[in-house]
Amino acid sequence: MNFLQDLHKTASGFQQTAKMPVLFVGHGSPMNALADNPFTQTLHQLGRDIRNRQPPRAVLVVSAHWLTRGTFVAVNERPETIHDFGGFPQELFDMQYPAPGAPEVAQEVLAALPDAHPSDEWGLDHGTWTVLHHLFPEADIPVFQLSIDYYKPITYHAELARQLQFLRRRGVLILGSGNIVHNLRQSIPNFMHDDPRPHAWAVEFDEWAKAKINQRDLLSLAHYQQAGASGPLSVPTPDHYIPMLYSLALAEADDDIRHAFEEVSFGGMSMRTFVVG
């Protein structure tokens, strides 16, 4: 009898919902957490739209800032706000995003990913909380993160993402947070001189990526070097690029893809943000 009760309890947690959208957000500088600009205003509107459509049961974030050997799922009940940066105003370090964790949903992910491991050693990094601060400012929706195994080939991540499709029908909003174009070395001089103009190669690659996203061409996106010289310049390391592959790989045949925000600025930084479904 106890076994049947446990089975019923587990099954009741798997209640189907209307399909949730998927987001990819180009998070850019941590200072966006403090900003009121067209980008952050877009995030506020996206959050309102999602709540009005169907409030998420939880948010699963794949952030460019949790890189591991192996795949880990955060199971914290109360994830801390991680200030994983330096040289910014104290006001930014004082910010907290006190959302609860989602350990029950994390267990569903661990059950679906046999090679993944639980972790209580990671909270919410700035790729997560600086974005959620604008999407869901009340910090009332449970949040947990999935790490990026940085030692796997880039195509691995699209395959892993597809194993998370079931979450979209269990009320979970999946969010990839990174930047399609992210070359800090080429951007820092622009930031220092407050020069928002983009480099031509950054615009070229961002437009190439947009076309491939619209075509759902994950294979080309995984082999971004085929874009020409703009590819390696725009993606000198794949950490900020990989979250986009997770978001796109979760698109189903009947999902629309809408580019909610499009901007390349400060030399080599794309803030492209899109919605799947």
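Leaving aside neighbours within four places in sequence, with which residues is Val61 in contact? In the predicted model described here, Val61 lies in strand β2, which covers residues 58–63, and, once those neighbours are set aside, Val61 is in contact with Thr128, Leu132, Val143, Phe144, Gln145, Leu146, Leu175 and Ser177. Val61 has a relative accessible area of 0% and is therefore buried, the cut-off being under 20%. Between Val61 and Thr155, which are 94 residues apart in sequence, the C-alpha to C-alpha distance is 19 Å.

At the level of the whole chain, the secondary structure consists of 11 helices and 12 strands. The radius of gyration is 18 Å, close to the 19 Å that the globule rule gives for 277 residues, so the chain is as compact as a globular protein of that length. The C-alpha trace spans about 70 × 40 × 35 Å along its principal axes. Of the contacts in the chain with a separation of 6 or more, 83% are accounted for by residues 24 or more positions apart.

Buried residues make up 55% of the 277 residues, while the accessible surface of the chain comes to about 12400 Å², 53% of which belongs to carbon and sulfur atoms. The chain carries 20 positive and 31 negative charges, and the mean positions of these two sets are 6 Å apart.

The largest nonpolar core contains 52 residues, of which Phe144, Leu164, Ile180, Phe205, Leu221, Tyr241 and Met244 touch the most other members. One of these residues, Phe144, is also among the contacts of Val61. For Phe205, when residues up to four places away in sequence are not counted, the residues touched are Ile180, Val181, Tyr224, Ala227, Ser230, Gly231, Ser234, Val235 and Tyr241. A second core, separate from the largest, comprises 30 residues, including Leu23, Ile50, Phe136 and Leu173.

Towards the end of the numbering used here, Thr273 is found in strand β12, which covers residues 273–276. The relative accessibility of Thr273 is 0%, so this residue counts as buried. With neighbours within four places in sequence left aside, Thr273 is in contact with Phe24, Val25, Gly26, Phe39 and Leu46, as well as with Arg258, His259, Ala260 and Phe261. Val61 in strand β2 and Thr273 in strand β12 are thus described by their own sets of contacts, that of Val61 including Leu132 and Leu175 and that of Thr273 including Phe24 and Phe261.

Notes. Residues are numbered from 1 along each chain as its sequence is written. This is a predicted model: local features need pLDDT of at least 70, side-chain atom pairs count only at pLDDT 80 or more; totals for chains, interfaces and linings use all residues. Side-chain values use heavy atoms; hydrogens and water are left out. Helices (H or I, at least four residues) and strands (E, at least two) are DSSP runs, numbered from the N terminus. The radius of gyration is taken over C-alpha atoms; the globule rule is 2.2 Å times the number of residues to the power 0.38. Buried means under 20% relative accessible area, exposed over 50%, partly exposed in between (1.4 Å probe, protein chains only). Contact means heavy atoms within 4.5 Å. Accessible areas come from the Shrake-Rupley method with a 1.4 Å probe; for residues, only the protein chains shown count as cover. Lys and Arg count as positive and Asp and Glu as negative; His and the chain ends are not counted. The place of a charge is taken as NZ of Lys, CZ of Arg, CG of Asp or CD of Glu. A nonpolar core is a set of buried Ala, Val, Leu, Ile, Met, Phe, Trp, Tyr and Cys residues joined through side-chain atoms within 4.5 Å.
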